[in-house]
Amino acid sequence: MYKYYKLPLVRMKSFINYSEKIGSNFLLCQGPGGNTSIKFNKSILIKRSGSFLSDSAREGVFKEIKLNNIIHHYKKDNLKNKKFHKDLSIETPLHVMLSSKYVLHYHSIASIIISSIYKKNEINSFLYKNEILPIKYVRPGLELAEEIVKLNTKYNFKSFFLYNHGIILEGSDIQKLYNKIFHIEKLFSKLIDYQKLNLIFKDIIKLEQIDSKIKNPYPDIKYKKFNGKYLFPDHSVFFPNFFSEKKNSTGAIQYDSNFFYFKNNLSETELIYFKTLLIIYGLINDNKIINYINKEVGSKLRISEDEILRIDINK
């Protein structure tokens, strides 16, 4: 299953296996979110848009591109806001513009919770101390990649905390990078109750969809507080509708103390992101939402060429 990649077998198996591990950890990657890349022989191999990182070993999940060609594309003013290839992830520019052999980008649920409920000045000092560069929310794509490169000229860090988005790591050793993921997650346990997060995950992941209904695991949570606030990019892309109380609403997603009610059964990807939201909401609970993606910004992202492709692939 690795023969179609022009890389030594041992190195390719290692990259694919670690990519698959990251994609199979729900607290790190959800659905088609997250991507990894490797640079070799003047080329870059990167996950295709809309595919699941957990399927890394399947043929066709990654695409090989000549580095010089795509770098030239992003340097041309008349081309930089256009995709190099329709199959490439919206995050491709950051994989290209970060110089390390390996780049890992994943959507840590802990990082999304932390960036949602903490004031930036409180988190930033913690991040700098641990050589992690904080990056304000910037639309995924070339703009985000350029922001990271510009800010990092002063620090030369290899770890990046993207507000309301996730984490990026770069380096030359895939095993050390993989271990670093869990070092950072352990750091996050100083900011949130990580043990509780794990317990919530284990409860939520077991929820089943029956007749367009899912049990409401938190009847005491006032979901209204989350309305108008997208907490991460794929929230606005794959699950844009907010929750409304069943007793006085005809909205697409209604709830009472017993269930959530949907107009139709959720797709596999929608169900993944619904569970992601429940995990996040369950840990945030009564905490105030400080940082988020507003409706206008989220809507613009959702109707972009890149996201329309991902939505279509994952219907």
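**Close-up 1. The largest cavity in this predicted model holds about 140 Å³ of space.** Since the model is predicted, read every panel here as a computed picture. The structure holds two cavities of 30 Å³ or more, and this panel shows the largest one, with 18 residues lining it. If you want to find its centre, look for I90, E91, H107, D234 and R310, which lie nearest to that point. Two elements each give two or more residues to the lining: α9 (233-238) and α12 (305-313). As for the chemistry of the wall, the lining breaks down into eight polar, six charged and four nonpolar residues.

**Close-up 2. The second largest cavity has a volume of about 30 Å³.** Here the whole lining can be named: Y223, F226, N227, H235, N241, F242, F243 and Y281. Sorted by class, five of these lining residues are nonpolar and three are polar. What about charged residues in this lining? There are none: the count of charged residues around the second largest cavity is zero, written as "no charged" in the class tally.

**Close-up 3. The second largest pocket offers about 290 Å³ of space.** It is lined by 17 residues, and the ones closest to the pocket centre are F238, F239, N241, L266 and E270. The lining is a mix of eight nonpolar, six polar and three charged residues. While you are looking at N241, note that this residue is also part of the lining of the second largest cavity.

**Close-up 4. Seven strands make an open sheet with mixed pairing.** Reading across the sheet, the strand order is β3-β2-β1-β4-β7-β6-β5. Which strands sit at the edges? Those are β3 (62-66) and β5 (133-135), and each of them pairs on one side only. From one strand to the next, the twist averages 15 degrees. Zooming in on the β5 end, β5 runs parallel to strand β6 (residues 159-162), and the two are linked by three bridges. To get your bearings in that pair, find L133, which stands opposite F160 in β6.

**Close-up 5. Two helices lie across strands of the seven-stranded sheet.** One of them is helix α2 (residues 67-75), which lies across β1 (35-40), β2 (43-47) and β3. Its direction makes an angle of about 80 degrees with β3. The other is helix α5 (residues 120-129), lying across β5 and β6. Against β5, helix α5 runs at about 145 degrees.

**Close-up 6. A four-stranded open sheet has the order β8-β12-β11-β10.** The pairing in this sheet is mixed. β8 and β10 (243-245) stand at the edges with a single partner strand each, so one side of each has no neighbour in the sheet. The twist averages 30 degrees from one strand to the next. Strand β8 (residues 213-215) pairs with strand β12 (residues 259-262) in the antiparallel sense, over three bridges. Within that pair, K213 has Y261 as its bridge partner in β12. Next, strand β11 (residues 253-255) is also antiparallel to β12, again over three bridges, and here Y255 stands opposite F260. The link between β11 and β12 is a hairpin of three residues.

**Close-up 7. Helix α8 (residues 194-204) packs against helix α10 (residues 268-284).** To describe two packed helices, you give the angle between their axes and the distance between the axes. For α8 and α10, the angle is about 145 degrees and the axes are 9 Å apart. The crossing of α8 past α10 is right-handed. Which residues make the contact? On the α8 side they are K196, L197, I200, F201 and I204, and they meet K275, L278, I279, G282 and L283 in α10. By class, seven of the contact residues are nonpolar, two are charged and one is polar.

Conventions: Residues are numbered from 1 along each chain as its sequence is written. This is a predicted model: local features need pLDDT of at least 70, side-chain atom pairs count only at pLDDT 80 or more; totals for chains, interfaces and linings use all residues. Side-chain values use heavy atoms; hydrogens and water are left out. On a 1 Å grid over the protein atoms alone, a cavity is a set of points where a 1.4 Å probe fits but cannot get out, and a pocket is an open set with protein on both sides within 12 Å along at least five of seven lines; lining residues have an atom within 4 Å of a point. Grid points are joined across faces, edges and corners, and a volume is the space filled by probe spheres set on the points. Ala, Val, Leu, Ile, Met, Phe, Trp, Tyr, Cys and Pro count as nonpolar, Asp, Glu, Lys and Arg as charged, and the others, Gly among them, as polar. Two strands pair if DSSP finds at least two bridges between them. Axes are lines fitted to C-alpha atoms, for helices over the stretch in contact, and angles run from 0 to 180 degrees between N-to-C directions. Contact means heavy atoms within 4.5 Å. A crossing is left-handed if the near helix is turned anticlockwise from the far one by less than a right angle, and right-handed if clockwise.
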